[in-house]
Amino acid sequence: MLDRIRVDYSMTAPFLDDRDWAGAQAGAVRALATLEDGRGPGAAYLGWLRYPETVAGAELEGIEQIAREVREEAEALVVVGIGGSYLGARAVIECFGHAFSHLQAQEGRRRPQVVFAGQNLSSSYLEGLLEALERKSFYVNVISKSGTTTEPGLAFRLLRRILLDRYGREGAARRILSTTDGRKGALRALSEREGYRTFVIPDDIGGRYSVLTPVGLLPMAVAGVPPEEVLAGARSMIAPCAVKELLQNPAALYAAGRDLLWRKGYHTEILVAYDPRLQSFAEWWKQLFGESEGKEGKGIFPASAVFTTDLHSLGQWIQEGPRTIFETLLHVEDEAGSLRVPEDPDARDELEYLAGRAWTDIQQQAAAGTRLAHHQGGVPVFSLEVPRLSPYHLGQLIYFFEKACGISGTLLGVNPFDQPGVEAYKQNVFALLGKPGTEQAAAQLAALMRAVPKGKVV
């Protein structure tokens, strides 16, 4: 068996047939070539295609060195970032973390907890974080190309002030790690002025494709996830995802299948996992595809669910709701865990027939039964077969989705590497907050708000 992820598309039939796949071959190969040759829109942001092969050993050594320092000296690392500046790192870290670490004794803790800030504007969230950090030794890793994004910028101001007050200018500088542009931007200027140790976000890699750069690798290393293993997994997918035959290239096959389903009216994709540790990975996936494809009135809406939990809330809608959805199942073949169902004939819960069965086996059968039920109910299902949850295989999964997203966006006819729509809300917020230079926009917004009919409140 290949030690890499594979795409099982057998349950996309009968919704997609052999003629569909044959007809998709030429377009998928063209999209793949357009992407790899750098001839499509957004070609200046294709550095992620080869980054796992070209990342310098010295850079990885520097990441590991600082990660060791943080592990030795800190009880927490606060990662400050939003969107692609934190989602990828969080996805990987939570996949290999302990769901109940907050209940475990803190004495003798082997590594600091990695926590996140700057991904929202909630005062209560930040107040809770500051309360938790009050008596803890912590470092901050601020991640931003520009240093001027509102949410992380404000959170960093707050955390920087605390470090300055607690440790002084020199001590704070030692505890602030910045991941930013190599040459320009407000955070780069501040880092150089204050002497922060810095890591570079490559110019040719956008935020949501940056998890395999220092953006994700440094927090991973602090959390004890080996960056080299993640990168090795990503490297192992470069060749398979470059094959010029649709049905032999997993990324092209998945991208083409999504495009075929989109054109047949399946406009929502649900990424399904059976392990709660993959919930944050689904959040990263949603940003990757949502921000890359949702343009010009096009794009599949990315949703996610964790089964069997969400089968008790969304299951009815998935089974019998509008037939505009398809599923992509993250199926982990070798589930870890030794737990078995105990015998308890006195329970009278009608579950004694499962006594002695492995929990992992029960979960696998639940996945198989659910996939079959949804398929019979009219839902096309892709299954991504993941050999096991390891840093190596998660690196494979990250690269696979990045490559598939680039191909899929190209097939759709949009630029998969920009996000013009994100600026609309930002400009409104700047104007409403009174940012200098937005006076005219603020006046226009005020007029629009005055024009909204009054009294329509119940």
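How far apart are the mean positions of the 49 positive and 56 negative charges of the chain? In this predicted model, the two mean positions lie 6 Å apart.

**View 1. The whole chain, its elements and its extent.** The chain holds 16 helices and ten strands, and its C-alpha trace spans about 65 × 60 × 60 Å along the principal axes. A compact globule with 458 residues would have a radius of gyration near 23 Å, and the chain, at 24 Å, agrees with that expectation.

**View 2. Interior, contacts and surface of the chain.** Of the 458 residues in the chain, 49% are buried. Among the contacts with a separation of 6 or more, 79% are between residues 24 or more positions apart. The area that the chain exposes comes to about 21,900 Å², and carbon and sulfur atoms supply 54% of this area.

**View 3. The loop that holds T213.** This close-up turns to a single residue, T213, which is placed in the loop between the strand β6 (197-200) and the helix α8 (214-222). With a relative accessible area of 1%, T213 counts as buried, because that term applies to residues under 20%.

**View 4. The surroundings of T213.** When residues up to four places away in sequence are not counted, T213 touches Y51, P202 and I205. The residue at the centre of this view, T213, is thus shown with these contacts, in the loop between β6 and α8.

Technical notes:
Residues are numbered from 1 along each chain as its sequence is written. This is a predicted model: local features need pLDDT of at least 70, side-chain atom pairs count only at pLDDT 80 or more; totals for chains, interfaces and linings use all residues. Side-chain values use heavy atoms; hydrogens and water are left out. Helices (H or I, at least four residues) and strands (E, at least two) are DSSP runs, numbered from the N terminus. The radius of gyration is taken over C-alpha atoms; the globule rule is 2.2 Å times the number of residues to the power 0.38. Buried means under 20% relative accessible area, exposed over 50%, partly exposed in between (1.4 Å probe, protein chains only). Contact means heavy atoms within 4.5 Å. Accessible areas come from the Shrake-Rupley method with a 1.4 Å probe; for residues, only the protein chains shown count as cover. Lys and Arg count as positive and Asp and Glu as negative; His and the chain ends are not counted. The place of a charge is taken as NZ of Lys, CZ of Arg, CG of Asp or CD of Glu.
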